[in-house]
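Hi,

Here is the structure I said I'd pass along. Have a look, and my notes on what turned up are underneath.

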Amino acid sequence: KNRTGMLVPVFTLKLNQKLIPRLVTVGKYDGKHSCLTAATNGNKVFIHNPHQKGLPTLAGGGRLTASLSDSDISFLNIGQHVTALGVGSLVGGATDALLVGSQTNLLAYNVDRNSELFYKEVPDGVNAITVGCLGNRPSPLVFVGGNCSIQGFDQHGEDHFWTVTGDNVCSLSLCPFNVEGGNELLVGSEDYDIRVFQDDELIAEISEADAVTCLCPIEAERFGFALANGIVGAYRRDQRFWRIKSKNQPICLHSYDANEDGVPELVTGWSNGKIDVRDSRSGEVIFKDIFSSHIAGIVQADYRMDGKEELICCTVDGEVRGYLPAGQGDSSRADVGSCVAELEMLQDLSAKKQIILQQLKNFEVNEKVAREPQAQGVGLEGVSMAPIPISTSLRTDLTIVMPNPKSKLTPHVELAIKSSNGVGVRALMIFAEGLFDGESHVVHRAPQKVTDELKVPLFPDKDIATDLNIKAVVGHSRSKQCHVFEMTRLLPQFSLYLPCKLPSPPSPSSETPHPLGRVEFQLNEKREAVLKWIGDCFLYPPGEDCVLKPDYLHVAYMSLRTNTPLVIKIDNGKAAIETDDMDLAGDVIQSLTQRLCISNLRSTADFPKQLQDLRSILDKVNELHSARQKLSSEMADNSGIIKNLVLRAEDARMMNDMRSMRKGFMQLYELNRDIIMGYRIRSNNHLELLECLRIVNQAIQKAGRLRVGKPKTEMVSACRNALKEKNTELLIKAIKTGS
């Protein structure tokens with residue numbers, strides 16, 4: 001690996017501005033000069049332009065104003081809390097537009113002309129912005145991720161793209177996920193998933209261990225990701241190359257060819273002020289640096305106008321540092337960087353040498369100890385350095401445990417580790433994504449309590465297949481030297497489901513009532529393929545009460561997490577999933593179609609309870625929209641009255657009519673109090689509306705998971721049209737029938 005490919009700093013700036021983390025970008029607003037742009041305090045966005053002393057069009061009457069203290073900086077007044085920033089060309093040329101998102105609006109601004117391109121209301125809010133062409137679309141769009149939804153706007157602010165996700169969107173990125181075709185849209189959300197959209201179609205869904213806060217394209221088919229719990233890694237399509245975890249939080253990601261080998265590296269900015277550059281294929285650190293304050297953002301631009309693209313790192317205190325690869329930077333700094341890299345390589349080799357020497361010493365001690373007791377006729381259990389038998393092996397078992405009703409434990413999966421010849425299992429370390437806090441769990445027993453078997457309860461929160469990476473410490477009870485066994489066991493996706501009797505028709509006396517929710521679809525696969533899927537994805541095979549015939553299958557499981565039944569039925573190619581949980585039905589269909597390689601699946605669904613709840617939510621949304629319009633109208637009327645009162649009070653002051661002036665200001669005070677109260681009501685109304693829209697979008701996303709491929713895209717599009725027309729019955733029909 002080319003570890004001499006160091007970065008050297010080539011310039012440093014002090015902007016004397018506070019930068020908000022993750023809200024940093026760079027753009028060429030005149031098509032030529034790169035300008036650093038970031039959100040700052042006071043609901044403003046500042047633009048640093050060292051190439052021109054003040055933008056030439058600041059007198060145009062727009063939002064952009066010059067800084068009084070620094071001629072290189074201009075401010076864009078937003079008037080709302082800035083939640084997202086983006087830059088990109090909306091017409092395909094070299095001139096970039098600045099995109100600013102807030103909790104309710106999206107602003108597209110032409111900085112060079114100091115004028116708005118469009119100002120769009122976005123009810124779902126703006127959490128993330130990216131600009132570019134998606135798939136085979138000829139024109140770039142502004143993609144906006146908000147409250148469980150994604151929208152795409154053209155240069156005029158017209159909506160040309162809409163889809164839903166499972167939770168609030170945290171990050172967006174355009175990346176060539178497949179070699180053929182154009183870019184795909186990568187979406188990271190709070191429900192721990194990375195979703196990949198090819199045009200309107202969801203083509204991949206990757207589950208992670210926490211909210212996906214950053215996504216970054218590296219090169220064709222490869223992208224980097226960062227999670228809220230401190231994990232950073234890289235994927236090639238849906239296969240993860242590597243990942244690392246830190247106690248600090250990753251703030252931003254960027255890809256940059258730091259060692260000039262033609263392959264971009266992944267650059268990470270951290271909350272402790274550190275930046276590190278990692279080999280994008282292995283995760284090995286090839287460069288790192290530290291700042292005095294938190295990193296706010298990392299961008300790339302030719303900021304010195306010398307034809308070289310610098311890696312530009314910014315901190316929350318306004319410090320900006322630009323880097324170049326050692327071969328392009330100052331020669332003396334490059335020599336120092338090369339020496340530092342060689343010293344680091346020497347330290348790594350020295351550490352590996354010490355590990356190998358320690359292992360060799362352990363082998364020699366084991367060999368010596370193994371000979372001495374046998375010569376003296378002493379058992380190994382009484383020797384402090386006794387090795388375990390060579391034939392020792394470990395067996396793993398997964399079972400479902402139903403605890404005593406008086407116990408505080410809930411039903412769970414129990415992992416049992418047992419040695420083959422009675423040697424004690426002294427400790428256990430399990431690493432599993434999303435299963436434990438911190439992704440790891442350690443069990444260590446006192447020497448007097450060591451036995452040949454160790455059991456660990458597992459409590460999976462979601463129906464996701466998880467690899468259990470196990471490290472078991474094995475040794476005699478009095479031995480000071482133990483042996484570590486490493487193994488991997490797969491926890492099936494539907495591990496918390498126990499076979500049960502087939503549910504009977506609904507009745508008050510029925511122990512296992514028949515679920516009311518149902519999804520029906522055509523399935524032409526053989527029964528054996530479905531049974532193999534059940535055997536791989538469930539912990540236990542179907543129960544004795546199930547019906548298995550050549551063209552007929554009828555099995556039932558009980559969810560121990562929700563205590564509701566799941567019924568799978570196949571009759572001459574007609575399949576049905578019966579459950580009252582729409583999420584579970586979607587998980588079953590997605591898992592089954594992925595295993596059977598089904599690319600398109602159309603289905604009909606009916607979940608009476610969820611659809612009735614959705615009707616109530618849609619009625620509430622309409623009421624909140626009406627209330628919002630009424631409040632906005634009242635606020636506009638009050639604003640006009642305030643202007644008149646101020647003018648009248650000022651006239652009274654100039655005429656020395658103090659009585660009328662006091663009366664005017666008293667009326668102004670009362671009206672201002674009413675406006676503040678109205679604003680609070682409007683704010684609460686907005687939060688309630690956001691929550692209702694979130695539930696609606698999630699319902700559409702859940703219904704989409706009941707279909708696969710093109711039918712899913714058609715259903716989401718039909719739901720979008722129904723929402724635009726405010727037609728509740730049309731939306732319910734689209735969810736039920738998919739069209």
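**Buried charges and the salt bridges**

Arg195 is buried, its relative accessible area being just 2%. Before going on, bear in mind that this is a predicted model.

So what does Arg195 pair with? Its salt-bridge partner is Asp191, and the closest N and O atoms are 2.8 Å apart. Asp191 has 14% relative accessibility and therefore counts as buried too, since the cut-off is under 20%. The pair also belongs to something wider: salt bridges with shared partners tie Asp191, Asp193, Arg195, Glu205, Asp587 and Arg705 into one network.

The structure holds 43 salt bridges, and two others caught my eye. Asp276 and Arg278 meet through their side chains at 3.7 Å, N to O, and both of these residues are buried. Then there is Arg615 with Glu729, at 3.4 Å from N to O. That one links distant parts of the chain, as Arg615 sits in helix α4 (residues 608-654) and Glu729 in helix α7 (residues 728-737), 114 residues apart. Arg615 is partly exposed, with a relative accessible area of 23%.

**Helix α5, inside and out**

Which residues make up the positive surface patch? They are Arg648, Arg659, Arg662 and Lys663. Helix α5 (residues 658-704) gives the most to this patch, with 3 residues. Arg659 lies in that helix and, at 70% relative accessibility, counts as exposed because the threshold is over 50%.

Asn697 is found in helix α5 as well, but at 3% relative accessibility this residue counts as buried. Setting aside neighbours within four places in sequence, Asn697 is in contact with Asp124, Asn147, Cys148, Ser149, Trp162, Val164 and Thr165.

**The chain overall**

In case you want numbers for setting things up:

- The chain has 739 residues, and 49% of them count as buried.
- There are 7 helices and 43 strands.
- The C-alpha trace spans about 115 × 80 × 60 Å along its principal axes.
- About 35,700 Å² is exposed, with carbon and sulfur atoms supplying 51% of that.
- Side chains include 83 positive and 90 negative ones, and the centres of the two sets lie 4 Å apart.
- Of the contacts between residues at least 6 apart in sequence, 56% join residues at least 24 apart.

Cheers

Methods
Residues are numbered from 1 along each chain as its sequence is written. Side-chain values use heavy atoms; hydrogens and water are left out. Patches are made of residues with over 30% relative accessible area and no salt bridge: like charges are joined within 9 Å, nonpolar side chains (Val, Leu, Ile, Met, Phe, Trp, Tyr) within 5 Å. Accessible areas come from the Shrake-Rupley method with a 1.4 Å probe; for residues, only the protein chains shown count as cover. A salt bridge is a side-chain nitrogen of Lys or Arg within 4 Å of a carboxyl oxygen of Asp or Glu. Lys and Arg count as positive and Asp and Glu as negative; His and the chain ends are not counted. The place of a charge is taken as NZ of Lys, CZ of Arg, CG of Asp or CD of Glu. Helices (H or I, at least four residues) and strands (E, at least two) are DSSP runs, numbered from the N terminus. Buried means under 20% relative accessible area, exposed over 50%, partly exposed in between (1.4 Å probe, protein chains only). Contact means heavy atoms within 4.5 Å.
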